[in-house]
Amino acid sequence: EENIHNAAEDDENYKDNADNNKENNNEETKSSIRSWKDMYQSKWTFCGDLDNNYPIDDTGQVLIAYGNDNQISGYHSDTYLYGLNKDTGEKIWSVYGGYYPIHYCINEPENTILIGTKPSVDDDTRLQCIEITTGKLLWEKIFSFEIRRLAITDKTVAVQPYNLNTIMVLDVTNGEVLWEKELEQNEVLISLQRQMNNIIVSQKDGLAAYEPSSGQMKWKVEGNLFPESPHPMIMLPDVIESKQYQILSKNTNTQWITFEDCFRKIDFNTGEVLDSIPTGGINLLYLLDGEFSIVKSYEKEDNGNLFTKSFSLYSNSQKNELFSKNDTLLGAVVYQNKLIYTTPEKIKCISLDTSDLLWECGYSFDPPEAYSPLIIQNRLVIVSNDKIHVFNPDSGEYLYQVDDYNLPVYPILDIPVVDHSPSVIYVSGNEIYISRNDGHLDALILK
């Protein structure tokens with residue numbers, strides 16, 4: 001309890017003069033602009049078939065990019081999935097997705113990717129197995145149904161159709177059907193985009209794992225997995241990952257799963273519950289990285305929309321809450337023992353040790369509803385609307401706006417949830433991958 005602090009207490013201790021000075025300094029320096037193409041070395045530029053291209057996955061040798069037309073084709077969007085050579089930006093392969101969702105999962109040890117598409121209502125569904133680094137088509141299956149979920153193990157690929165209470169398990173080497181299993185209504189195949197050791201199914205009374213080759217149940221974690229969501233557009237309580245962590249982690253051995261009474265961290269190999277966090281109402285578990293998570297609490301307005309009322313920082317290693325704040329957190333990043341987070345009107349920085357407010361600064365540009373802040377070369381990077389803004393993470397000083405990149409503008413949700421949209425900036429080692437609003441995707445080398 002001594003480690004839990006209230007935001008109101010922090011405000012009383014925080015000096016108004018320091019706050020005003022930082023805000024004034026912020027306004028004075030906001031006119032500064034710089035070019036990332038001058039600061040960093042250009043590696044390559046990829047031009048896709050549609051207006052927007054986003055980096056969504058990374059195998060080390062191949063960057064997986066998602067392209068869409070931002071719904072300019074009408075009610076539905078055109079979509080593509082690309083495999084790009086990370087050294088040259090050359091397109092190795094592409095798959096057209098049309099306006100139905102594209103499903104994919106990657107088997108990195110075997111250098112293959114499984115992609116499911118249904119371009120239009122009149123088209124059959126195609127499940128293709130492609131060699132990631134060459135684009136060679138290894139096999140293809142045609143289905144009359146639309147794919148709802150796709151999951152992969154070392155020897156099998158599991159397919160869950162829409163409107164059919166079943167899962168179909170195929171041999172990953174040739175696409176031949178090995179076995180099928182009937183599901184109850186609302187049971188869902190767990191898909192993680194990476195190779196798993198078991199086939200995991202979310203059932204109404206628990207989470208069950210099946211042996212991939214035979215379909216025999218291996219373990220089950222009991223509990224209600226279908227809490228009623230208070231919002232029609234998003235499931236809450238829920239678990240999401242920051243986009244940067246989602247691309248980099250590739251972890252399929254342990255996962256946080258939402259139960260009615262708590263979030264549980266489950267070993268997907270054994271079914272052991274490794275940790276749990278009470279849901280405590282309308283909460284979202286937001287995984288920042290391997291060390292820290294944030295529990296965001298929501299309240300429902302009279303019009304049915306949700307708004308955040310508070311958040312708490314959770315240590316994954318210590319398995320305990322470090323502190324809580326009565327504040328509207330949108331996105332966050334941990335940097336040098338500090339939590340830096342955005343609200344609708346300010347950027348704030350607090351100490352992980354004491355939860356004291358170290359600095360805060362206001363800003364006049366639109367809040368980053370869709371994207372979390374990033375740290376790039378010891379600089380705080382905020383994506384807001386279609387612009388990139390750069391700050392000093394130690395002081396909150398506004399440094400400059402990037403003038404040579406206009407980013408795709410993603411539709412704003414009526415609920416303050418980040419990272420439900422594709423990433424526009426992805427950092428991998430000493431390279432940055434940036435989406436542009438003219439259909440290009442750039443790779444820059446950090447100097």
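A residue counts as buried when its relative accessible area is under 20%, and as partly exposed between that and 50%. Keep that cut-off handy for these exercises on a predicted model.

**Exercise 1.** Work out whether Lys346 and Glu360, partners in a salt bridge, are buried or partly exposed.

*Solution.*
- Start with the pair: the closest N and O atoms of Lys346 and Glu360 are 2.7 Å apart.
- Next, place them: Lys346 sits in strand 29 and Glu360 in strand 30, 14 residues apart.
- Now apply the cut-off. Glu360 has a relative accessible area of 6%, so Glu360 is buried. Lys346 comes in at 23%, so Lys346 is partly exposed.

**Exercise 2.** Find out which side chains Glu140 meets around strand 9.

*Solution.*
- Take Arg126 to begin with: this residue forms a salt bridge with Glu140, with 2.9 Å between the closest N and O atoms.
- Arg126 belongs to strand 9 and Glu140 to strand 10, so their bridge ties together parts 14 residues apart in sequence.
- Then look at Gln128, also in strand 9. The side chains of Gln128 and Glu140 share a polar contact of 2.9 Å.
- Finally, check burial: Gln128 is buried at 15%, while Glu140 is partly exposed at 32%.

**Exercise 3.** Identify the strand that gives the largest share of the largest nonpolar core.

*Solution.*
- This core has 23 residues, and Leu207 is one of those touching the most other members.
- Strands 13, 16, 17 and 18 each supply at least two residues.
- Strand 17 wins, with 4 residues.
- Beyond its near sequence neighbours, Leu207 contacts residues including Ile200, Trp219, Ile266 and Phe268.

Key:
Residues numbered from 1 in each chain as written. Predicted model: local features only at pLDDT ≥ 70, side-chain atom pairs only at ≥ 80, totals over all residues. Heavy atoms only, no water. Core = buried A, V, L, I, M, F, W, Y, C linked by side-chain atoms within 4.5 Å. Buried < 20%, exposed > 50% of the residue type's maximum accessible area, 1.4 Å probe, protein only. Contact = heavy atoms within 4.5 Å. Polar contact = N/O pair within 3.5 Å; in protein donor to acceptor, adjacent residues only side chain to side chain. Salt bridge = Lys/Arg side-chain N within 4 Å of Asp/Glu carboxyl O. Lists of a residue's contacts leave out its neighbours within four places in sequence.
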